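Biologist: Please take a close look at one helix and the side-chain contacts that involve it. Keep to what can be read from the model.

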Amino acid sequence: MNKGIIFLIGAVIMDIAANILLKNSAGFKRKLYGFFAVICIFTAFFLLAQAVKTMDISIAYALWGAAGMLITGILDVMFYHVKLKSSALLGLLCMIIGIVIIQTMD
């Protein structure tokens, strides 16, 4: 497996963690959650910077953003019982299709 992909997966995980922590911070009213959200997002960008050493930045950024939004959306539904509108579901489906196309095309 390409080293860049491993860094990219780490960046996605840190991005998702930052999003969840940010939600739990309640607009930074719960400062510890907010502090760790900031740490996670800095870590995500550091890992993304490592990934783009061996990957095209356009591909890495597209995958990072789409995977982060997709998984965060799924976790939002699972743990926070958010009801997604049909337009949001369509957007997530488009991202999944885009990720598949990026991964299968040369």
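**Contacts of helix H3**

Modeller: Tyr 61 and Trp 64 both belong to helix H3, which spans residues 57-80, and they sit 3 residues apart, about one turn of the helix. The model is a predicted one. The rings of Tyr 61 and Trp 64 make an aromatic pair with 5.6 Å between centres and 50° between planes, a tilted arrangement. It counts as tilted because the angle is neither under 30 degrees, as for stacked rings, nor over 60, as for edge-to-face ones. Trp 64 is buried, because its relative accessibility is 6% and the cut-off for buried is under 20%. Phe 45 joins these two residues, since ring pairs link Phe 45, Tyr 61 and Trp 64 into a cluster.

Asp 76, also in helix H3, takes part in a contact with helix H1 (residues 3-24), where its partner Lys 23 lies. The two side chains form a salt bridge, at 3.7 Å from N to O. Lys 23 and Asp 76 are 53 residues apart, so the pair links distant parts of the chain. A search of the whole structure gives 1 salt bridge. Lys 23 also lies over the face of Tyr 80, 5.0 Å from the ring centre. With a relative accessibility of 42%, Lys 23 is partly exposed.

For the aromatic pairs, the count over the structure is 3. One of them is Phe 35 with Phe 36, an edge-to-face pair with centres 5.4 Å apart and planes at 70°. Phe 35 is partly exposed at 48% relative accessibility, and Phe 36 is partly exposed at 40%.

Methods. Residues numbered from 1 in each chain as written. Predicted model: local features only at pLDDT ≥ 70, side-chain atom pairs only at ≥ 80, totals over all residues. Heavy atoms only, no water. Phe/Tyr/Trp six-rings, centres within 6.5 Å; stacked < 30°, edge-to-face > 60°. Buried < 20%, exposed > 50% of the residue type's maximum accessible area, 1.4 Å probe, protein only. Helix = DSSP H or I, 4+ residues; strand = E, 2+ residues; numbered from the N terminus. Lys NZ or Arg CZ within 6 Å of the ring centre and 35° of its normal. Salt bridge = Lys/Arg side-chain N within 4 Å of Asp/Glu carboxyl O.
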